[in-house]
Amino acid sequence: MPEVKPPTTYEEQITILRKHGCAINDTADCRNKLSSIGYYRLSAYFLPFRQEDGTYVDGTAFDRVYRIYEFDRKFRNFLFSALEVIEISLRSHLSYFHSARYGALGYKDSSK
C-alpha cells in the first residue's frame, strides 16, 4: 500500500513550494489562495514548471501559476455556460420533434 502523506498546514505548504523553487512575493496572499483553492488542486498547475528532480524551473512564481489557474477557471466557466445553452436548445428541439411525430405521450410507447 502506498505511503499516505500527512496533512500539512498552509505555512508548511508555502515552505514546500519555496523549497521546490517557487517564488512567493506575498505570503499572506499565497496563504489565502491556498486556503480557498487547495494545495493539491493548484499543484496540477505547477506540473509544466516541474523539472525531473522535483524542483521548479527558475523564475516560477506563485502569482504566474495562480493566473494560469484563474484563466483555466474562467475558461471552464465560459465553456460550461455555452454548453448549457447548446444542451437546452438540443433538448428543446428533440422534444419538439418527438412530440410532434409521436404525440405527447409517445415516449411511453416502446413500439415507436
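Visitor: Let's start with aromatic pairs. How many does the structure hold?

Guide: This is a predicted model, and it holds 6 aromatic pairs. One of them joins phenylalanine 71 and phenylalanine 75, whose rings are stacked, with 5.9 Å from centre to centre and 5 degrees between the planes.

Visitor: Where do phenylalanine 71 and phenylalanine 75 lie?

Guide: Both belong to helix H4, which covers residues 62–102. They are 4 residues apart, or about one turn of the helix.

Visitor: And is phenylalanine 71 buried or exposed?

Guide: Phenylalanine 71 is exposed, at a relative accessible area of 58%. Its partner, phenylalanine 75, has 41% and is partly exposed.

Visitor: Which residues do ring pairs link into a cluster?

Guide: Tyr45, Tyr66 and Tyr69 are linked in that way. Tyrosine 66 has a further neighbour to look at: lysine 33 lies over the face of its ring, 3.9 Å from the ring centre.

Visitor: Lysine 33 brings us to helix H2. Which residues of H2 are buried?

Guide: Helix H2 spans residues 27–37, and its buried residues are Cys30, Lys33, Leu34 and Ile37. They lie on the same side of H2, because the arc they cover around the axis is only 100 degrees. Turn to the other side of H2 and you find Ala28 and Ser36 exposed.

Visitor: What covers the buried residues of H2?

Guide: The cover includes helix H1 (10–19), helix H3 (39–46) and H4.

Visitor: How should I read the ends of this helix? What caps the N-terminal end of H2?

Guide: Aspartate 26 does, with a side-chain oxygen 3.2 Å from the backbone nitrogen of alanine 28. Beyond the other end, just after H2, glycine 38 has a positive phi of about 105 degrees.

Visitor: There is another aspartate at position 29. Where is its place?

Guide: Aspartate 29 is in helix H2. With 24% relative accessibility, aspartate 29 counts as partly exposed. For a sense of distance, aspartate 29 and tyrosine 69 are 40 residues apart in sequence, and their C-alpha atoms are 15 Å apart in space.

Visitor: Let me pick out one buried residue of H2, leucine 34. What is leucine 34 in contact with?

Guide: Leucine 34 sits in helix H2 and is buried, with a relative accessible area of 2%. Setting aside neighbours within four places in sequence, leucine 34 is in contact with Tyr10, Gln13, Ile14, Tyr39, Leu42 and Phe62. A residue pair can also be far apart: leucine 34 and aspartate 109 are separated by 75 residues in sequence and by 54 Å in space, C-alpha to C-alpha.

Visitor: Glutamine 13 is in that list of contacts. Is glutamine 13 buried or exposed?

Guide: Glutamine 13, in helix H1, is buried, with a relative accessible area of 8%. A polar atom of its side chain lies 3.3 Å from the backbone oxygen of threonine 8. Not counting residues up to four places away in sequence, glutamine 13 touches Thr8, Leu34 and Tyr39.

Visitor: Tyr39 belongs to H3. Which residues of H3 are buried?

Guide: In H3 the buried residues are Tyr39, Leu42, Tyr45 and Phe46. Viewed down the axis of H3, they fall within an arc of 110 degrees, so they line one face of the helix. What they pack against is H1, H2 and H4.

Visitor: My last topic is cysteines. What is a disulfide, and how many are there here?

Guide: A disulfide is a covalent bond between the sulfur atoms of two cysteines. In this model the count is 0 disulfides.

Visitor: Why does cysteine 22 have no bond to cysteine 30?

Guide: The sulfur of cysteine 22 has its closest cysteine sulfur in cysteine 30, but the 6.8 Å between them is too far for a bond. The cut-off for a disulfide is 2.5 Å between the sulfur atoms. Reading from the other end gives the matching result: for cysteine 30, the closest cysteine sulfur is in cysteine 22, at 6.8 Å.

Visitor: And is cysteine 22 buried or exposed?

Guide: Cysteine 22 counts as buried, at 4% relative accessibility. Cysteine 30 also counts as buried, at 0%.

Definitions and conventions: Residues are numbered from 1 along each chain as its sequence is written. This is a predicted model: local features need pLDDT of at least 70, side-chain atom pairs count only at pLDDT 80 or more; totals for chains, interfaces and linings use all residues. Side-chain values use heavy atoms; hydrogens and water are left out. Rings of Phe, Tyr and Trp (its six-membered ring) pair if their centres lie within 6.5 Å; planes under 30 degrees apart count as stacked, over 60 as edge-to-face and the rest as tilted. Helices (H or I, at least four residues) and strands (E, at least two) are DSSP runs, numbered from the N terminus. Buried means under 20% relative accessible area, exposed over 50%, partly exposed in between (1.4 Å probe, protein chains only). A charge sits over a ring if NZ of Lys or CZ of Arg is within 6 Å of the ring centre and within 35 degrees of the ring normal. The arc is that of the directions from the helix axis to the C-beta atoms. Contact means heavy atoms within 4.5 Å. A polar contact is a pair of N or O atoms within 3.5 Å; within protein, one must be able to donate a hydrogen and the other to accept it, and residues adjacent in sequence count only if both atoms are side-chain atoms.
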